[in-house]
Structure formats: structure tokens, C-alpha cells
Amino acid sequence: MKARLILSTVFSFLLVGAFAQNTQALVEETVTHSGVQAKIEFLASDELRGRDTPSPEQNIAAKYLATRMKEWGVKMAPSMDDYRQQVNFKNVTPPSDGTFVVKDSSYVLGEDILLLDGTSGNFEAKVVFLDYGSEEDFADAKVDGKIVVVRLGAKGEPNVRKAFGAGREKKKRAAEKGALALIELYTSTQISWKIIKNYIGGPSISLDMGEEEEEGIPHLWLDDSYNTGSKFFAEKSRKAQLNIGGETIDRFSAYNVIGMVEGTNPELKDEIVVYSAHYDHVGVGQPDADGDTIYNGTRDNGIGSITVLEAAHNIAKYPLERTSMFIFFTGEEKGLLGSEWFVEHPVVPLESIVMCFNSDNAGYNDTTITTIIGLERTTATEAFVTAGETYGLGTIPDQMPDQNLFDRSDQVSFARKGIPAVMYTMGVTAFDDQVLEFYHQAGDNPDSVDYDYLFKFTKAYVHACRLVGNMAERPYWTEGDKYFEAGEELYKTQ
Ligand SMILES: [Zn+2]
């Protein structure tokens with residue numbers, strides 16, 4: 001047994017050596033200049049109207065991705081009978097009508113009170129005031145069947161962003177002890193009520209997780225700009241009426257597109273590398289100066305989608321040692337929703353996925369390089385650098401840590417589960433005018449990009465895919481990375 005293992009290790013080492021020499025030739029066998037350009041011109045065409053989620057045109061794009069993969073012999077995932085994974089969404093228009101009446105004060109929803117989350121309903125109950133609503137404040141309080149009123153945030157902490165997190169904890173405490181609603185007195189001067197009012201209460205799209213969802217008790221903010229509320233509510237436990245209604249929920253679905261190519265090495269084929277890109281964009285919107293209303297999303301993310309599609313074509317023809325999975329996500333622009341759906345409804349066990357090599361773009365301002373967000377964070381760095389060099393491209397890590405790009409695309413859904421992940425992107429050194437001219441603009445048309453660069457860029461991606469899928473050691477987080485521990489947890493049984 002042992003001897004065989006050593007022999008097969010030596011054998012696969014030799015194979016890797018042979019592949020290394022041939023990788024460029026294999027890549028260039030399927031990836032062509034006109035092939036890259038034609039695919040981008042289709043996916044980012046006006047006819048696909050910006051591939052919004054949901055839209056008939058996005059479904060056409062899904063069909064295109066699926067049928068190309070079928071043509072090349074890319075298989076469906078073994079647990080599926082379609083290349084498409086249905087993703088369920090809901091568009092929630094929050095309650096439009098609501099009042100909170102206590103003594104002779106009446107507060108109106110959208111004006112004096114804002115609903116952060118929770119169900120609609122009509123409640124008549126006594127109000128109990130619990131200072132900041134800390135764990136201590138709740139400890140001995142009797143809140144069963146009552147409306148709990150608390151101060152915003154925590155003592156000595158004026159940050160509104162932190163107050164959001166603290167509020168969720170308070171709501172949990174209140175609900176656990178049987179309260180009917182939680183109201184926080186908004187006294188912040190950091191962001192005025194007038195401003196905050198415009199940011200809370202609009203329609204929002206989220207995943208529809210079916211029975212798993214828990215809306216919970218209503219959680220509101222009440223305008224207390226004059227800071228008189230705590231005195232009023234603390235003085236006496238009064239009876240109040242809270243009425244909230246008029247919520248509408250529209251449910252719809254769209255598709256992630258998934259294909260697989262089985263690995264050739266019996267020792268490695270149980271390890272799956274995910275090559276992914278989101279193929280949705282933001283659809284049709286406000287006309288720009290030229291009257292263009294179609295937000296084509298050539299850079300974001302027609303190009304990323306095509307890099308993955310080219311990888312699927314190449315790997316179907318010349319499979320790698322590890323198993324390859326190609327995923328085209330929907331709903332990224334709505335909040336990374338397609339990838340979140342996938343990791344919550346994985347079509348293979350999550351612990352069998354050893355890396356997510358995601359391809360996504362905002363734009364570019366340097367055609368001599370590729371940028372890899374998370375370059376230094378996994379042990380696959382060398383593969384990425386070698387792939388770029390082969391086509392005369394340098395490889396640089398994230399130059400804009402303040403933009404928090406790693407957490408703004410689909411790879412983070414995998415990273416949070418512990419799966420090593422990086423984002424491949426076009427050469428970008430800053431979010432400068434050259435990038436912003438096209439980023440989420442109607443002018444991001446397929447005729448506005450440099451196809452000589454994109455040809456090299458796509459070959460470098462496919463080359464990197466090949467190197468990662470054939471790496472002798474499986475890629476992993478570098479020690480001390482933010483997601484290293486999550487990885488240890490995910491893969492602990494192996
Ligand atoms: Zn994107």
C-alpha cells in the first residue's frame with residue numbers, strides 16, 4: 001500500500017512536470033482572440049439588456065452558458081439534472097402604513113418611526129423602558145407581552161454603524177423574553193434623523209430561504225432628536241398602540257449555471273476547484289449623456305464570465321487532475337446572493353471544494369498586469385504569478401484595501417465557509433477616472449475594451465486554472481489569515 005502510494009506520487013509528479021511544459025500549448029489550443037471577443041460581444045450585447053436579476057435576458061444568458069458547456073462536453077453536477085440551479089429571491093416592499101401611539105403622542109411610520117425589520121401587526125400593550133437594552137438591563141426585566149423601549153446603541157458609543165449590530169442583539173433578547181416589539185430611541189447626532197430616514201425602509205431584494213426564514217418581532221427606531229424620550233418612557237409604564245401594515249412581498253427566481261469536469265487523478269479527483277464568475281449585471285436604467293440606457297456590464301462582469309467559460313471549454317477538452325466545477329452566479333449585484341445561495345445549497349459537499357478561483361471586474365487602468373485580490377492569502381500565489389508571466393503580464397495584489405474588494409464579490413461567500421478563495425481581475429492600480437468612467441455605467445459597452453489585452457488576460461486565467469487544478473499540494477489559506485480558522489473547521493474531518 002505504502003509503496004504504491006509513493007509510486008503514484010512519483011508518477012503524478014512526472015505528470016505535473018509534463019503538464020507544466022504543455023500548459024501554454026493546451027491553453028492556446030482552445031482560447032482564441034476572436035473566440036474571446038465574440039463571446040464578450042454576445043454576453044454584453046444590448047440585446048441582453050444588462051442581464052438584470054431577474055429578467056428574460058438574463059435567462060437567455062444562462063441558457064447560452066449552459067448550452068456552450070454542453071456542446072464542449074462539460075457535465076452537469078452529479079446531483080443535478082440541469083446545468084441551472086434555481087435561486088429563489090423575494091422583493092420585499094416594507095410596510096408603508098404604521099403608527100405608534102402612546103399617551104397623547106402619535107408617531108407616524110416613515111416620518112417619526114422607521115421599521116428596521118420584523119413582521120407587521122397590531123399590538124396594544126404596556127411599554128417598558130430598559131435603558132440601553134444591555135444584557136444586564138434585560139436580566140431581571142419582565143417584558144413578556146410588552147413593547148420594549150431602549151436607548152440607541154451602547155453607553156458612550158455614538159457610532160451608528162455599531163448601533164445596528166447592537167440593535168440586533170437587543171431584538172434577540174427582547175424576542176427571547178416574549179416581548180412584542182423593540183423600539184430604539186434615535187438620538188444620534190453623527191447621522192441626523194433627516195438623513196437616516198432616507199436610507200431605511202426602501203424595497204430590498206434578498207434570498208427566499210423558504211421555511212428557514214425568521215422575520216421576528218418588529219424592530220423600530222423612533223426620532224428622539226431632542227433627547228426627551230428616555231425621561232418620558234422611564235417615568236411610567238404606559239399603554240401604547242403599535243400598528244404596522246401594508247407590506248408586500250414578490251417572489252421570483254433566477255439561475256446559477258453549474259458545470260463539472262471530473263478529475264483524472266484517482267488520488268485528487270475528490271478535490272474540487274471552483275472556477276466562478278457572476279454573469280448578472282444591473283439591467284436598464286437612467287440614460288447617460290449619450291442617451292444610452294442599457295448598462296451592458298462588459299467589464300462587470302461579461303469579461304469575468306467569459307474567462308470562466310473559456311476555462312470550461314479548455315478543461316473539458318484537457319481535464320485536470322482535480323475535479324473542476326464552473327459556476328456562473330446570478331444576483332451578485334443584488335448583494336452576492338447567487339453565491340450565498342450556492343454555499344447554503346451546495347450541489348456537492350462544501351468540504352470537497354478546495355478552492356474558489358473567482359473572476360470579477362470593476363474595470364482596468366493598466367494593461368500590463370492582472371490584479372489578484374487575495375493574492376498573498378493562499379498558497380496558490382506561485383500558480384497565479386507563473387500564469388501571468390507566460391503571457392507577458394505582471395501580477396499584483398490588491399492596491400486598494402480601503403475599497404474592501406475581497407468582501408465585495410462572490411469569493412467571500414466561499415471564504416466565510418472556510419474555502420480558500422481569491423478574485424482574479426483586470427489590471428487595476430486605483431479606482432481612478434479611467435475605471436469610474438465605465439464602472440456601472442451605460443457606456444460599459446463591448447466596443448470600449450482592449451481585446452488584445454483581454455486575449456492575454458483570458459489565457460492567463462485559463463492557464464492559472466490549469467495550474468491550480470494540477471497543484472501537487474492542495475491550495476490552502478496562509479497561516480494567520482482571517483479565514484484560516486474557518487478552513488480548519490470546515491475540513492477537520494479530513
Ligand atoms: Zn462584479
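Glycine 392, just after helix α10, takes a positive phi of about 75°. Helices here are DSSP runs of H or I with at least four residues, strands are runs of E with at least two, and both are numbered from the N terminus. Before going on, a word on the source: this is a predicted model, where local features need pLDDT of at least 70 and side-chain atom pairs count only at pLDDT 80 or more, while totals for chains, interfaces and linings use all residues. Residues are numbered from 1 along each chain as its sequence is written, and side-chain values use heavy atoms, with hydrogens and water left out.

Now step back into α10 itself, which covers residues 381-390. Its buried residues are Ala383, Phe384, Ala387 and Gly388. Buried means under 20% relative accessible area, exposed means over 50%, and partly exposed is in between, using a 1.4 Å probe and protein chains only. Those four sit on the same side of α10, because they cover an arc of only 130° around the axis; the arc is that of the directions from the helix axis to the C-beta atoms. Turn to the other side of α10 and you meet Glu382 and Glu389, which are exposed. What lies over the buried residues? The cover includes β14, β15, β16 (394-397), β17 (421-426) and α13 (451-470).

Follow α13 next, since it also meets helix α2 (residues 33-43): their axes come within 9 Å and cross at roughly 105°. These axes are lines fitted to C-alpha atoms, for helices over the stretch in contact, and the angles run from 0 to 180 degrees between N-to-C directions. That crossing makes α2 roughly perpendicular to α13, a label for angles of 65 to 115 degrees (under 35 is roughly parallel, over 145 roughly antiparallel, and the rest oblique). On the α2 side the contact is made by His33, Val36, Gln37, Ile40 and Glu41, and on the α13 side by Tyr451, Asp452, Leu454, Phe455 and Thr458. Contact, by the way, means heavy atoms within 4.5 Å.

Valine 36 deserves a second look. It counts as buried because its relative accessibility is 1%. Not counting residues up to four places away in sequence, valine 36 touches Val31, Ile306, Glu310, Leu454, Phe455 and Thr458. Glutamate 310 is 274 residues from valine 36 along the chain, yet their C-alpha atoms are separated by 7.7 Å.

Then there's the metal. Which residues hold the zinc ion? It is coordinated by His278 through NE2, by Asp300 through OD, and by two OD atoms of Asp360, at 2.0 to 2.6 Å. Donors are N, O and S atoms within 2.8 Å of the metal (3.2 Å for Na, K and Ca), and water is not among the atoms, so sites may look incomplete. The arrangement is irregular because the four donor atoms subtend angles of 53 to 154°. Along the chain, the donors follow the spacing H-x21-D-x59-D. Histidine 278 belongs to strand β12 (residues 272-278), while aspartate 360 is in the loop between β14 (353-359) and β15 (369-373), 82 residues apart. Histidine 278 counts as buried at 0% relative accessibility, and aspartate 360 is buried with a relative accessible area of 5%.

Finally, the whole chain. It has 14 helices and 17 strands, and of its 494 residues, 53% count as buried. Its C-alpha atoms fill a box of roughly 80 × 65 × 40 Å, taken along the principal axes.

Methods
Tetrahedral: all angles 85-135°; square planar, octahedral: opposite > 155°, others 65-115°.
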